[in-house]
Amino acid sequence: MKIAEVPYAADAKVSLSYDELQVLRTQYEKEVAQTHVTTQTKFNYAWGLVKSPVREHQVEGVQLLADIYRSEPTRRRECLYYLALGHYKMGNYDEAKSFNSRLLEREPANLQAQSLDILIDQAVKREGYIGMAIAGGAAAVGTLLLAGLVRRAARK
Amino acid sequence: MPASSSGSGTSSMGVTPNDNLREELASSSSQPGFASSSRLDAVSRKLFAPFHHRKRDSHRILTDLAPVIMTPKMMAHAQTVSARPRAIGTSSTRPALDFATLGRTPLRLGLGARRTTSRELEVVETASELLATALPDASPDDKLGMPMPSLLRGFEATVPSADSARVRRRATRNVDAPRLGLKRLSLGTRGLMADDAESEDDVVVVAREQRGRRGRKKRGRESLSANKVFGREELERQTREIARDKENLHVRRSLLHSDIAEVTAKIEALDGIRIKLEEDLLKLQEDELELDDELLMVQERLELETSQSRSGSMHATLMSSSRRRKGPVFLPSEHDELPPGVAFMTLECGSTPITSLDFSEPYGTLVTASQEDAQPRVWDLLSGEEIGRLRGHVGTVKALQVEAHLCVTGATDGAVRLWDLRRVDGDAETSEWDLSDVLEEAEEEANGDTGTGTGDSVVVERPHAGPNGTRSRSRTTTEDAPGPCIRVLEGHSKAVTALYFENDTLVTGASDKTLRQWDLATGQCVMTMDLLWAISHPPATVPGGHLPGFSVAGTFAVPMPPYADGSWELYQDFIGAVQSWEYALVSGSGDGAVRMWDMRTGQAHRTLLGHTGPVTCLQFDEIHVVSGSLDKSVRIWDLRTGGVFETIKYEHGVTALQFDSRKVICAGGENGVKIYNRTSMQHSTLSTNGHTRPVEKLRYMDRYLLSGGRDATVKIWAL
């Protein structure tokens, strides 16, 4: 079985220039006006949007990718990866993870998907650490306060 | 909040350097931290186990249980409730969140109350929906013979920067020619005047070091490329670039190909849809026609019932002839259960082909006549049993019509008989009649409307209208009560081949080449119309019209075109069909002409020419005359213009037809009954459980069709 040709996650972080995105947008809007949007144009615009650092763009990009996913069954496998990437960039790690694992189910040998999987795990973990730190900090502060109160109470 | 700076990059900004991530990736897999972090995961999972189902699971369970109440909106809402940024206080009071979510919270706060947009909700909402859809097994390449480039390749090939290499190469080829003022030229041609020529040179970017090498002092004209030197490295680079560009072109070409294929497929699909819609449109047209007919029928009925209530008599006059009646008839409800297009009843009628048949109403009374059989059979269509026979003719009955209880038959003996079908009884009784062959003239007045004499007390029946003795009698003979024969109309000297009656007017056509009009109430021949005279004196507008080779004098006989089974007969019915309406009469004759007569004058005022064989059957309504002929065609004529409105071709000679606004049903010399849909112009054939030899005659009302074939059977069809 052929493995979908997809970029590494790093590619998603390199954003297009404003002009380039503008060209893609114009092309897409032109085709929308003609009521026939080719998949490639739609994808180009979506991928450009996902690469963008602006969150609104990413959201729009993911929406377009979802559109492609729905309408083009033959492109679904590729789209799974891009959707996973998009969600990953947006910080929706749960969604990213589920899309990516869906792809990995089918293509366990897909290197890009494998690395994205690890990236997602790391991101989740990092947030976990931060969370723990916060919780820990809060606990420490709480303990201190409590200790202070206890001491104060004991002093009385 | 110190944590926010490191986390915000990945979650929202998306600009964390890639190397950073790579490092992390590498370290996590090699260092013991990986194990500890997974342990941490486990711990946190354990700790928050009771709350862990918060998202997916609970919703999945809910959707499974009650998919109706879990609308996507609701799911999205519920799903994002936990992820929504909250004050840190809230999250601490609700330890239901795991550490990751807790970790995310401050960054969101740190970014300054970035609100989750509805779009974002939508995106998250669609995620689960997309995941639920099936993933096709076929990879994109399998669909077309030509491999489809991946989306990424397509992107690389079509993105604007794909052209950058080419632009660069072109720029390197720009040479520092003596100033030509090209820009000014172009501006000039566009009607713009550039005021400073100085701005020109910044357009062209030429490698600076080459500028020095160029011989500036040379005045002579030389090729622009002559002095250009690129260097090996540059040229190799260009080679590579060109190769890549070509590859890109290839990708774009295949993209366009697949787009074209897609559009073609879409056009095909749309074409299919259009055809379907057009069919629906035709169906609507058909339904409208049906409704029109139904309305006519209802209005007729209304008139009838109001006139009945006014006059008070329940036995009003007959509704107009069943042949002219349109719209639905009264059918037993069980009829609807019958499969359409299938013969559901078969009546065996002796051993000779059916020559004529007619019935009073669906599931009513049927009369059939067969070749070489002078006694038409009477059937009960409800039970499918033979009730009795009409005895009296001495020749084959070639034409008959039934309206309610009244039956009129015309036979090769030249006589026309009227029968009361209510008085037809079983065979046992009637077989005696020939013996009690007495008292012919004695009871002429006894016009049995009492119906008392069913016993054997006064069994008097007029025997065969013998060629000798009976001719001496008056033209009309009144029969006595028990016999079904009410009247005998004599006048034609040869076989009666066509007849039609409506109300009290009867029209007959015979091989003596005359048409006669009779008054059924009195039994008098009102008028005789001579076809020979009409043929020899055609209406002025029509160029003389009879078939070539047709001799006016003598007996008419042409060989029929063979039926589908190869058999054929000599066709001798000079007048194939007649129909009248009030004073209008239409006849179809052996010379292939359809004539329209005025019964007030007895003149044929119009002749429709077109058929190249004898006309065997016809019917007309307010707009059209439809005639069938042995020339293997059915023609639909427009009454107003007199032209052919439509010609329907068949493989064999047409022997019978009937039509309404929606269809033409005809016997086309084949085993199957032919149906032509006038709205959709489609042909269909009824053959399931059908005749084993060609169909000869047919007659239908609404969805109840009878056909008589050369296999001596009558088939009853549900349409």
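Here are a few notes on this predicted model, going from chain A to its helix contact with chain B and then to some spots in chain B.

1. Chain A first. Its secondary structure comes to seven helices and zero strands, so to speak an α-α-α-α-α-α-α run when read from the N terminus.

2. On burial, chain A has 156 residues, and 56% of them are buried. The area that chain A exposes is about 6700 Å², with carbon and sulfur atoms supplying 62% of that. If you're thinking about contact order, take the contacts in chain A with a separation of 6 or more: residues 24 or more positions apart account for 58% of them.

3. Now the helix pair across the two chains. Two packed helices are described by the angle between their axes and the distance between the axes. Here the pair is helix H5 of chain A (residues 76-90) and helix H8 of chain B (residues 118-132), whose axes come within 12 Å and cross at roughly 145°. The crossing of H5(A) and H8(B) is left-handed.

4. Which residues make the contact between H5(A) and H8(B)? From H5(A) come A:Leu83, A:His87 and A:Met90, while H8(B) brings B:Glu120, B:Val123, B:Val124, B:Ala127 and B:Leu130. Sorted by class, that gives six nonpolar residues, one polar and one charged.

5. Over to chain B and its annotation. The UniProt record, an unreviewed entry, lists "repeat: WD" for residues 390-422, 489-528, 585-607, 608-647 and 688-719 of chain B. Two of these spans are worth checking against the model. Residues 390-422 of chain B are 0% helix and 58% strand, and the end C-alpha atoms lie 12 Å apart. For residues 608-647 of chain B, the figures are 0% helix and 57% strand, with 13 Å between the end C-alpha atoms.

6. One residue to click on is B:His405. Where does B:His405 sit in chain B? You'll find it in the loop between strand E6 (397-403) and strand E7 (406-411). Its relative accessibility is 41%, so B:His405 counts as partly exposed, the class between 20% and 50%.

7. As for the company B:His405 keeps, set aside the neighbours within four places in sequence and you get contacts with B:Trp419, B:Asp420, B:Leu421 and B:Arg422. Take B:Asp420 as one of these: B:His405 and B:Asp420 are 15 residues apart along the chain, and their C-alpha atoms are separated by 5.6 Å.

Terms used
Residues are numbered from 1 along each chain as its sequence is written. Chains are lettered from A and ligands numbered from 1 in the order in which they are written. This is a predicted model: local features need pLDDT of at least 70, side-chain atom pairs count only at pLDDT 80 or more; totals for chains, interfaces and linings use all residues. Side-chain values use heavy atoms; hydrogens and water are left out. Axes are lines fitted to C-alpha atoms, for helices over the stretch in contact, and angles run from 0 to 180 degrees between N-to-C directions. Helices (H or I, at least four residues) and strands (E, at least two) are DSSP runs, numbered from the N terminus. A crossing is left-handed if the near helix is turned anticlockwise from the far one by less than a right angle, and right-handed if clockwise. Contact means heavy atoms within 4.5 Å. Ala, Val, Leu, Ile, Met, Phe, Trp, Tyr, Cys and Pro count as nonpolar, Asp, Glu, Lys and Arg as charged, and the others, Gly among them, as polar. Buried means under 20% relative accessible area, exposed over 50%, partly exposed in between (1.4 Å probe, protein chains only). Accessible areas come from the Shrake-Rupley method with a 1.4 Å probe; for residues, only the protein chains shown count as cover. UniProt positions are given in the numbering used here, feature names are shortened, and annotations may be inferred rather than shown by experiment.
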